[in-house]
Amino acid sequence: MDTNVILLLLLVPLLGSLVNIFFGKKLGNGSGIIATLAVLISFIVTVVAFVQVNGTKTPIQGNLFEWIAVEKFSISFGFLLDQLSLLWLLFVTGIGTLIHLYSTSYMKGDENYGKYFGYLNLFIFFMIILVAGSNLLITFIGWEGVGLCSYLLIGFWHKNQDYNDAAKKAFIMNRIGDLGFLIGVFILAFLFHSLDYMTIKTALMSGTNHQINTWIGCAALAIFIGAIGKSAQIPLYTWLPDAMAGPTPVSALIHAATMVTAGIFLITRLNFVFDLAPLVQDTIAIVGAFTALFAASIGLVQNDIKKVLAYSTVSQLGLMFMAIGFGAYEVAVFHVITHAFFKACLFLGSGSVIHAMGGEQDMRRMGGLDKYMKVTYITFLIATAAISGFPFLSGFFSKDEILMVAFEHNKALYIIGSIASIMTAFYMFRLVFLTFKKGFRGTQEQKNHLHESPISMTLPLIVLAVLSIFGGLISWPGSSWLNQYLQPVIVKSAANHPHALGFEAYMLMGVATVGFLIGLIWAFRKYIQKAQVPQEDDKITGFHKVLYNKYYIDEIYDKLFVKPIYIIATFFRDVVEVALSGAVFGLGKIADELSLQGKKAQNGNIGLYLFAFVFGICLLLYYLFIAR
Amino acid sequence: MENVIEIIGIDKYIYLSIILFCIGVFGILYRRNAIVMFMCIEIMLNSANMLLVAFSTFHQDAEGQVFVFFTMAVAAAEVAVGLAILVTIYRNIGSIDIDKLKNLKG
């Protein structure tokens, strides 16, 4: 029974993907429906499994077959549906279904409609493998698979070379992180002779081998590097903003809600390893906090609607990493879930806007859209309020918990996180005001084209907006269902030592609300009262310009890494390869020349052949009977 | 009845067969007429046959003579094929001078 559940969960999206890739052209509009149904089935299976596990408190396990078996070391192709993976599966397949539904309208008329859904289903398949794998190697398959799908979907409109470059950038950046992940896997395999999560956990919990702590630290650091790549943290974050080249639903699904949270998932999955590496945890917290601030500050001045959301995603992921660094895994998971709701809603909303604007993404050409797109405007506003921390919406609770944890552990990082939150409130409302308020600034042609999106696009928006409002209920401060639920998975669970909400907690909530108001009012004064519109690219000066150009990080990376690698590559091409191929071709030339000369002996003169024949026999006879 | 070998001596047979063989070889090398070359090959073959027969008698062993019979049978077949080829060549190019047969040039 258990194996059947897992197989059904896995194979339905894979089947949908294969059908769409091979028969997508023939199916036409049917391919979108098939893909959506495939993910919906996975979602239903997940819900059934979730209800079962939530009732019995025992994870569903299933080994499909023995995969690699050598002496003392074996890896089975097994899957583990425990509390953590089911939680992830719920929102991966749930939001996945909504985004598939949304895509059926958004991608309508695209020449590669079937292929798009094929890739999207393939992504869901790999994401399920990543989340449900019972050992690190299975997770790694999923990890690489989602990277591949991300690459394919970023470069989906492959006729634009910039998009192809963005896809390659994402893939290569991820490869750097993947190498770290792989090294971590090797170290863990070396230490425990197993990659199974349960086995490693048991080995560590028995607590007999404290002398290997250095190695554990190395493994944790390596895996954290993998998480940095996938979850777009400093210094490997630059691929995520560029990844916005893909279709907007892809950005919502892969680059906001699911794939980029894989790093958080992995660290939470291996929380028992990270607990033993306090130095690595500190690093995670610092990297997370700085990423949150850094990305938020870039987000302040971006004018591309999707770029703002991309930097916002990086910033929010930074906050999650900060929570993980403090060992508050439940809080990070909580923020992952609420973030998945409101960020998916924001991306889908921006997709709706871009759809209405006929592909325009620059906020300077928008404005006043609230009159034309009521549903999009209201859902977008709700999600914005949620991400900015409007009291009692989902984002308020999750972000507040992160800041509360930070306040307990490290005041400096708390301040950084708070500043990032104020910035978040500012740039999100800036986005809303510039897009939906004041007069329309685009062309007359665009104005005539403005329309609300069809029901299949607004329905996911409404569902996600509702989830953004009520998502916070799963971890109500003081009596958190989520903490209780995750208790079996997380070793140092917060549920083990609950503490009542004191004065401090209420004070922090108040501070967070004030921060939210500061950001809101700041944006309101600037873009509603003064009705400012961001300047054109060539008029931007000073620090604003530095921010607008993303601190020139791309340029610095270009100078620091890309150019030297090009120089090395050019050296190898012009010197080493020329020398090597010269040697190889030289040998070939010699053989060629010899054969040309030898060819002349074959002149077709039978008399000569006969003479050579007799002469040869004479030589042989001479050698055999006389010379020897 | 006296043995032929005892009257003449085995060494004479060997010399004769060497001479015949060399005549064949030089004929092959110097003549350009394909039929003559063909005859030279036959001379070489028969010199070897003669040597076989001579030694067979010398050793009082019939095996060599049986062997010669087989050789002759095969040679006869080979002559039939060879002459057929020569006739075809003559029909095609009107000559059997091997200097004109240079189509196998590499």
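**Exercise 1. What is the mean pLDDT of chain B, and what percentage of its residues reach 70 or more?**

*Solution.* This is a predicted model, in which local features need pLDDT of at least 70, side-chain atom pairs count only at pLDDT 80 or more, and totals for chains, interfaces and linings use all residues. Residues are numbered from 1 along each chain as its sequence is written, while chains are lettered from A and ligands numbered from 1 in the order in which they are written. The score required is pLDDT, the predictor's confidence in each residue, from 0 to 100. For chain B its mean is 88, and 94% of the residues reach 70 or more. For the model, ipTM is 0.81 and pTM is 0.80.

**Exercise 2. Describe the fold of chain B and state why it is more spread out than a compact globule.**

*Solution.* Begin with the secondary structure, in which helices (H or I, at least four residues) and strands (E, at least two) are DSSP runs, numbered from the N terminus. Chain B has 4 helices and 0 strands, in the order α-α-α-α along the sequence. Its radius of gyration is 18 Å, well over the 13 Å that the globule rule gives for 106 residues, so chain B is more spread out than a compact globule. Here the radius is taken over C-alpha atoms, and the rule is 2.2 Å times the number of residues to the power 0.38. Along the principal axes, the C-alpha atoms of chain B fill a box of roughly 55 × 25 × 25 Å.

**Exercise 3. How many residues does each chain bring to the contact?**

*Solution.* Two residues are in contact if their C-beta atoms, placed from the backbone, lie within 7 Å. Chain A brings 10 residues and chain B brings 11 residues. On the side of chain A that touches chain B, helix α25 (residues 606-627) gives the most, with 5 residues.

**Exercise 4. Is Tyr551(A) partly exposed or buried, and where does this residue lie?**

*Solution.* A residue is buried if 20 or more other C-beta atoms lie within 10 Å of its own, exposed if 12 or fewer, and partly exposed in between, with C-beta atoms placed from the backbone. Tyr551(A) has 13 C-beta neighbours inside 10 Å and therefore counts as partly exposed. Tyr551(A) lies in the loop between α23 (542-548) and α24 (553-599) of chain A. Its phi is near 60°, a positive value in a residue other than glycine. Tyr552(A), in the loop between α23 and α24, has a phi near 55° and counts as exposed, with 12 such neighbours.
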